[in-house]
Amino acid sequence: MAINSITHVILTGGVGSRLWPLSRKNLPKQYLELFDGESLFEKTVARNEKVSNKTIVVGNIENYQLSDKSMSKFNKSYLHIVEAVPRNTAAAIAFAAFASEPDDILLITPSDHVIEGTEKYQAALHEAIVLAEKDYLVTFGIKPTKPETGYGYIEFEKEDVIAFHEKPDLETATGYLKEGNYFWNSGLFCFKARKFLTELEKQEPEVYWKSKKAWESNKDGLLDFELSLSIPSISIDYAVMERSKDIKVVPTYFDWSDLGSFESVYDYLVQKDHPIDENKNIVIGTSTHTTFIGVKNCILIYTSDALMVLQKENSQEVKKVYQQLESIASPLL
């Protein structure tokens, strides 16, 4: 494995709106030290240290100091790209690619995922790097553990992608699980910097050229607001991965969660022996004695300025609360 050419690119621009009120704009979920005393950001850095020798952090103006604080715990240099305004993952990855040598292999990971099973994870990375060296754009499929409606799916045969599928309804997701060759779309990628930029220019030239202009005008990694604002906001999936002819998938079997909802946080914490009552209710954020009567599968989330109680199966609706608060410019965000 060509260790000296592999760059770990950490995407850390999200605000975790589905985990409000724990996750806030000034302290998004990837920086919360809720996970064995560490943050998800720190776990992401540590998990990929052995496979890479360069690190690029792509964040935004609101959280870059939190990233710097987390990175200070590691004895390693890194490039910090600070977006003046979020423009989605296609542009964020383009900035990292422009900052790299053309043949550098970029391992793209979000900063807010939980991954367990070191050997299986390392084996998947090795397989992806081999494919990336052959000039493929590689995505990772996660073996589903249930008929999940909150994720997109990758339909595949061996390493070949047959199709990408949007988030399904429950009946469709159940069918995917039975078929066995539909895996969750993970948000993890691996490819050469040059290959990604070539495909981006081909598929979305406006994103390519405006991202290039913004990068070339950066000042110590900080991007210009006006130049950034002109970049179309589009994900890497829509911009490149679903349209390129040179895509490969690595089906993976490690334990994975994007902790994108309180239901997934609930499942993770319970697995880690978080206290749970006889009706499967839990409390997050306070040691105050709490009693649930007549309800099941509920989560009470406590912070100093907000309290929320929800049925864990309704976790996806938390984003509506966030959007409502956003519409009135609430200081609670």
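This is a short chat about the cores, cavity and pocket of a predicted model.

Me: Which residues have the most contacts inside the largest nonpolar core?
Reply: Within that core, which has 40 residues, those with the most contacts are Phe191, Phe196 and Leu200.

Me: And which helix gives the most to this core?
Reply: That is helix 3, residues 88-98, which contributes 9 residues.

Me: What is Leu200 in contact with, leaving aside its neighbours within four places in sequence?
Reply: With those neighbours set aside, Leu200 is in contact with Ala90, Ala94, Pro205, Val207, Tyr208, Ala239 and Val240.

Me: What does the second core include?
Reply: The second core is separate and has 26 residues, among them Val51, Ile142, Tyr151 and Tyr176.

Me: Switching to empty space, how many cavities of 30 Å³ or more does the structure hold?
Reply: There is 1 cavity of 30 Å³ or more, and the largest cavity has a volume of about 50 Å³.

Me: What lines the largest cavity?
Reply: Its lining consists of Leu19, Leu22, Lys29, Leu32, Leu34, Phe35, Phe262 and Val265, which by class makes 7 nonpolar residues, no polar ones and 1 charged.

Me: OK, pockets now: what volume has the second largest pocket?
Reply: The second largest pocket has a volume of about 210 Å³, and of the 13 residues that line it, Lys43, Arg47, Ile115, Glu116 and Thr118 are the closest to its centre.

Me: Which elements give two or more residues to that lining?
Reply: Helix 1 (40-47), strand 5 (114-116) and helix 4 (118-133) each do so, and the lining of this second largest pocket has 5 nonpolar, 3 polar and 5 charged residues.

Conventions:
Residues are numbered from 1 along each chain as its sequence is written. This is a predicted model: local features need pLDDT of at least 70, side-chain atom pairs count only at pLDDT 80 or more; totals for chains, interfaces and linings use all residues. Side-chain values use heavy atoms; hydrogens and water are left out. A nonpolar core is a set of buried Ala, Val, Leu, Ile, Met, Phe, Trp, Tyr and Cys residues joined through side-chain atoms within 4.5 Å. Buried means under 20% relative accessible area, exposed over 50%, partly exposed in between (1.4 Å probe, protein chains only). Helices (H or I, at least four residues) and strands (E, at least two) are DSSP runs, numbered from the N terminus. Contact means heavy atoms within 4.5 Å. On a 1 Å grid over the protein atoms alone, a cavity is a set of points where a 1.4 Å probe fits but cannot get out, and a pocket is an open set with protein on both sides within 12 Å along at least five of seven lines; lining residues have an atom within 4 Å of a point. Grid points are joined across faces, edges and corners, and a volume is the space filled by probe spheres set on the points. Ala, Val, Leu, Ile, Met, Phe, Trp, Tyr, Cys and Pro count as nonpolar, Asp, Glu, Lys and Arg as charged, and the others, Gly among them, as polar.
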